[in-house]
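These are my notebook entries on a single structure. I set down what I looked up, one topic at a time.

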Amino acid sequence: MKAITLPFANKIIYLTKNPSKELIKHENIHLEQIKKEGSLKFALSYSLQFLLKGYKNVSYEIEANKQTNTIGKKEIKQMNLLRVALLGLIAYKGLKYLTK
């Protein structure tokens with residue numbers, strides 16, 4: 001992961017010192033998507049797609065990647081590890097709630 005776009009702040013946080021022009025363009029596409037969809041709809045839709053379908057199948061990522069080609073194997077692997085961790089946390093919290 002090289003950057004994070006924050007929907008409710010309309011802000012991009014770069015996790016690399018020198019982001020490429022392609023990465024900047026990719027993240028700006030996400031800002032445009034947020035403006036078009038609205039912050040809440042974007043955040044919910046992105047999150048659900050990410051959890052249910054995986055990072056490379058999120059419609060917002062597909063759209064941004066068509067124009068920039070910035071999603072590599074390393075990014076997909078990192079995001080899938082995050083997805084597994086989040087799904088595990090959700091399952092744990094759900095089981096904890098159900099067994100109260």
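The entries below go from a loop residue to helix packing, aromatic rings and salt bridges.

**Entry 1: the model and a loop residue**

I noted at the start that this is a predicted model. I then looked up the backbone of Asn 10. Asn 10 has a positive phi of about 50°, although it is not a glycine. I recorded this value because most residues other than glycine have a negative phi. I located Asn 10 in the loop that joins strand E1 (3–6) to strand E2 (11–14). Its relative accessibility is 44%, so I entered Asn 10 as partly exposed.

**Entry 2: packing of H1 and H2**

I turned to the helices. Two packed helices are described by the angle between their axes and the distance between the axes. For H1 and H2 I found an angle of about 115° and axes 6 Å apart. On the H1 side, the contact is made by His 30, Gln 33, Ile 34 and Glu 37; on the H2 side, by Ser 39, Lys 41 and Phe 42. Sorted by class, the contact of H1 with H2 has 2 nonpolar, 3 polar and 2 charged residues.

**Entry 3: packing of H2 and H3**

How do H2 and H3 lie to each other? Their axes come within 8 Å and cross at roughly 95°. Angles of 65 to 115 degrees count as roughly perpendicular, and H2 and H3 are therefore entered as roughly perpendicular to each other. From H2, the residues Lys 41, Phe 42, Ser 45, Tyr 46 and Gln 49 meet Ser 59, Tyr 60 and Glu 61 of H3. The residues of this contact divide into 3 nonpolar, 3 polar and 2 charged.

**Entry 4: aromatic rings**

I looked up ring pairs next and found 3 aromatic pairs in the structure. In one of them, the ring centres of Phe 42 and Tyr 46 are 5.7 Å apart and the planes stand at 35°, so I entered this pair as tilted. Phe 42 and Tyr 46 are 4 residues apart in helix H2 (residues 39–53), which means that about one helical turn separates them. Both residues are buried.

Tyr 46 also pairs with Tyr 60, and this pair is stacked, with 6.2 Å from centre to centre and 15° between the planes. The pair links distant parts of the chain, since Tyr 46 belongs to helix H2 and Tyr 60 to helix H3 (residues 59–68), 14 residues apart. Are these two tyrosines buried or exposed? Tyr 46 has a relative accessible area of 17% and is buried. Tyr 60, at 6%, is buried as well. I closed the entry by noting that Phe 42, Tyr 46 and Tyr 60 form one aromatic cluster.

**Entry 5: salt bridges**

How many salt bridges does a search of the whole structure find? It finds 2. Lys 35 forms one with Glu 32, and their closest N and O atoms are 3.7 Å apart. Lys 35 and Glu 32 are 3 residues apart in helix H1 (residues 21–37), so about one helical turn lies between them. Lys 35 is exposed, with a relative accessible area of 60%, whereas Glu 32 is partly exposed at 48%.

Glu 37 forms a salt bridge with Lys 41, where the closest N and O atoms are 3.2 Å apart. Glu 37 belongs to H1 and Lys 41 to H2, and both take part in the contact of these helices. Glu 37 is partly exposed, with a relative accessible area of 27%. Lys 41 is exposed, with a relative accessible area of 52%.

Key:
Residues numbered from 1 in each chain as written. Predicted model: local features only at pLDDT ≥ 70, side-chain atom pairs only at ≥ 80, totals over all residues. Heavy atoms only, no water. Helix = DSSP H or I, 4+ residues; strand = E, 2+ residues; numbered from the N terminus. Buried < 20%, exposed > 50% of the residue type's maximum accessible area, 1.4 Å probe, protein only. Phe/Tyr/Trp six-rings, centres within 6.5 Å; stacked < 30°, edge-to-face > 60°. Salt bridge = Lys/Arg side-chain N within 4 Å of Asp/Glu carboxyl O. Axes fitted to C-alpha atoms, helices over the stretch in contact; angles between N-to-C directions. Contact = heavy atoms within 4.5 Å. Nonpolar A, V, L, I, M, F, W, Y, C, P; charged D, E, K, R; others polar. Parallel < 35°, antiparallel > 145°, perpendicular 65-115°, else oblique.
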